[in-house]
Protein chains: 2
Amino acid sequence: MQDEHISLDHGSGGRLSHELVTEQLLPLFDNPILSRMDDGAALVIDGVHLAFSTDTFVVDPLFFPGGSIGELAVNGTVNDLAMCGAVPLYLGMGLIIEEGFSQGTLMEVLTAMRRAAQRAGVQVVTGDTKVVPRGAVDKLFINTSGIGRIPKGRHLSSDAAKPGDAVLLSGTMADHGMTILNAREKLAFSGEMASDTAALHDLVAAIFSVTADVHVLRDPTRGGVGTALGEIAARSRVGIDIREANLPVNGPVAGMCDLLGIDPLYVANEGKLLAFVAPEVAGDVLAAMRSHPLGRGAVVLGQVVAEHPGKVYMNTRIGGRRIVPMLTGEQLPRIC
Amino acid sequence: MQDEHISLDHGSGGRLSHELVTEQLLPLFDNPILSRMDDGAALVIDGVHLAFSTDTFVVDPLFFPGGSIGELAVNGTVNDLAMCGAVPLYLGMGLIIEEGFSQGTLMEVLTAMRRAAQRAGVQVVTGDTKVVPRGAVDKLFINTSGIGRIPKGRHLSSDAAKPGDAVLLSGTMADHGMTILNAREKLAFSGEMASDTAALHDLVAAIFSVTADVHVLRDPTRGGVGTALGEIAARSRVGIDIREANLPVNGPVAGMCDLLGIDPLYVANEGKLLAFVAPEVAGDVLAAMRSHPLGRGAVVLGQVVAEHPGKVYMNTRIGGRRIVPMLTGEQLPRIC
């Protein structure tokens, strides 16, 4: 192999990440579970259906409006499990701490993790702490892994979208990513802006309370809604049509995106989900989402079509139509 | 709280690590599973007994005689599961890569992980890749988490040692730690020296093939055999007596330890285990260990006693007797 180097784009959640995973990691660790490329792995052990997921958090800064790396680390893995249709149960926590890091700050982060774990109804049951010399890591990174139980009859996967499915989004886009950018670069955009970090398992429960006919759930984190839709279109071999007029973005976030020339479609969310459901239940699911505190801003974003498989198209506000490509560059490093 | 700072000692596996975990982490995430402080968590989900574990690897250098961070990351978590008596099944892998890291080197590490996973009979089923800007992490860190199934009737825990138990060690001490130190500091100690990194699940199976009466299994990684024994004595509220004459150390490792003034009792191992078994089966277990390739050098290190609970004593070669304290300082950072 030619000695190329890893770039930030390989971790963006966009096209290069996708290529690194599909062209290098998947062939190496080839197995049907990993190949599904879902947020978590769906396993069956002695007849019990489980979800298993892992995620590392390297966000900078550690604290930001709406939360900290602590909430993010718990909610992120809880959400990966929830997107498999699982009830999250147990978390493992791996800390990497830079020598000299404040013990008080560490306790603040851990206290945030405990609060988030209590809220999500999960227990931290195993952990590991590494301390590395100054300069070997920037302050604090946290890995969380998790296990959940998948109730019978739930078979969610990014390859399960079907033509006709309604594509629902639970609320506004880009709140997390733009909040981090604003905090890190001290851009001082004014207006209310906060990370949307939240545990989505209860919103998922609300969805399943009205129907079992849910095909795909996905929380559009790195790479945003645009990249998540692109991956689902590719994996399910279907087309997706969305309407620009339906894309929800909070005012201050939209203003900041406009000024910086950033498309909110590609900015990370940490408390939103995409749901692909059969058209006949879409109205009920939308209503259930809207009556949940984390889904008040839910919208129908568009629908799955048999045409243009693997591609996402957007009908624009001004009556045009354009393709929605996957994110190609790294917009924002260390966003989660 | 006073604003103290995290030191390398907090990650040493020794006394300060122990205090950080028992005095700060455990009270925060208080639950009976975590409180057992075993290498992994023993869970029951819908009647199925599972082990769950997480470990982060920050070893420097990435490649060393006997292996690389790749083997270490797979074997480390496989061993944590095996020490719960579990048959390791599935791994999650979290990569943190420094921008600019060689893709070729990454593939070498991942290929080592695949080989190690195949050897251990586990599948990597979920993963996460983060790339951080230059300087935010030193080259490559890897977290692995794992799930295994615990066969019925196995109840291992560090609090289960009983007076009379024989304390067995599967082979020589300190090979991994001294190899890393030699490689990193370019000390150029000559003589055969290599990390003992290995997956111990099959050695565990060999032990269980002769008896179910195994009380504690522990792989003495950071902090070494001395610290592992101290933790087991404390958790089980028993005393442990070991004989210095029985402590196995390879010649070149012993020579290097002597010259540097390092006690091999506190140096990390990555392919050894301590087994606490009922005295009546100790002979059979020792024989089973010795007929396994990873247990050829197995010895009876000593025994559990009712006296001096929480403390480990060593009968020295010259007929003396001394306490074996837990490791207090950090001997070797980034050893695993």
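The following exercises, each with a worked solution, concern a predicted model.

Because the model is predicted, local features need pLDDT of at least 70 and side-chain atom pairs count only at pLDDT 80 or more, while totals for chains, interfaces and linings use all residues. Residues are numbered from 1 along each chain as its sequence is written, chains are lettered from A and ligands numbered from 1 in the order in which they are written, and side-chain values use heavy atoms, with hydrogens and water left out.

**Exercise 1. Overall form of chain A**

Determine how the radius of gyration of chain A relates to that of a compact globule.

Solution. The radius of gyration is taken over C-alpha atoms, and the globule rule is 2.2 Å times the number of residues to the power 0.38. For 336 residues the rule gives a value near 20 Å; chain A has 19 Å, which agrees with a compact globule. Along its principal axes, the C-alpha trace of chain A spans about 55 × 55 × 50 Å. Next comes burial, where buried means under 20% relative accessible area, exposed over 50%, and partly exposed in between (1.4 Å probe, protein chains only). By this criterion, 62% of the 336 residues of chain A are buried. Finally, a contact means heavy atoms within 4.5 Å. Among the contacts in chain A with a separation of 6 or more, 85% come from residues 24 or more positions apart.

**Exercise 2. The surroundings of strand 11**

Establish which strands of chain A pair with strand 11, and state which of its residues are buried.

Solution. Helices (H or I, at least four residues) and strands (E, at least two) are DSSP runs, numbered from the N terminus. Chain A has nine helices and 14 strands. Two strands pair if DSSP finds at least two bridges between them. Strand 8 (residues 166-169) of chain A pairs with strand 11 of chain A in the antiparallel sense over four bridges. Strand 9 (residues 214-218) of chain A also runs antiparallel to strand 11 of chain A, and four bridges join them. Leu274(A) in strand 11 is the bridge partner of Leu169(A), and Leu274(A) is likewise the bridge partner of Arg218(A).

The faces of the strand come next. In a regular strand the side chains alternate between the two faces of the sheet. Strand 11 (residues 274-277) of chain A is covered on both faces: Leu274(A) and Phe276(A) are buried on one side, and Ala275(A) and Val277(A) are buried on the other.

**Exercise 3. The surroundings of strand 7**

Find how many residues of strand 7 of chain A are buried, and identify the strands joined to strand 7.

Solution. Strand 7 comprises residues 140-149 of chain A, and nine of its ten residues are buried. Strand 2 (residues 48-57) of chain A pairs with strand 7 in the antiparallel sense over eight bridges. Within strand 7, Ser145(A) stands opposite Thr54(A). Strand 5 (residues 87-98) of chain A runs antiparallel to strand 7 of chain A, with ten bridges joining them. Arg149(A) in strand 7 stands opposite Val87(A).

**Exercise 4. A loop residue with contacts in both chains**

Is Phe101(A) buried or exposed, and with which residues is Phe101(A) in contact?

Solution. Phe101(A) lies in the loop between strand 5 and helix 4 (103-120) of chain A. Its relative accessible area is 8%, so Phe101(A) is buried. Neighbours within four places in sequence are set aside; Phe101(A) is then in contact with Leu62(A), Leu106(A), Lys139(A) and Leu140(A), and with Glu4(B), His5(B) and Ile6(B) of chain B. The C-alpha atoms of Phe101(A) and Arg134(A), 33 residues apart along the chain, are separated by 8.9 Å.

**Exercise 5. Backbone angles**

Locate the cis peptide bonds before Pro61(A) and Pro61(B), and describe Lys186(A) and Arg334(B).

Solution.
- In chain A, a cis peptide bond joins Asp60(A) to Pro61(A), with omega about 5°; Pro61(A) is in the loop between strand 2 and strand 3 (63-64).
- In chain B, the peptide bond from Asp60(B) to Pro61(B) is cis, with omega near 5°; Pro61(B) is in the loop between strand 2 (48-57) and strand 3 (63-64).
- Lys186(A), although not a glycine, has a positive phi of about 50°. Lys186(A) is in the loop between helix 5 (175-184) and helix 6 (201-208) of chain A, and is exposed at 69% relative accessibility.
- Arg334(B), a residue other than glycine, has a positive phi near 50°. Arg334(B) lies in the segment after strand 14 (321-323) of chain B, and is buried at 9% relative accessibility.
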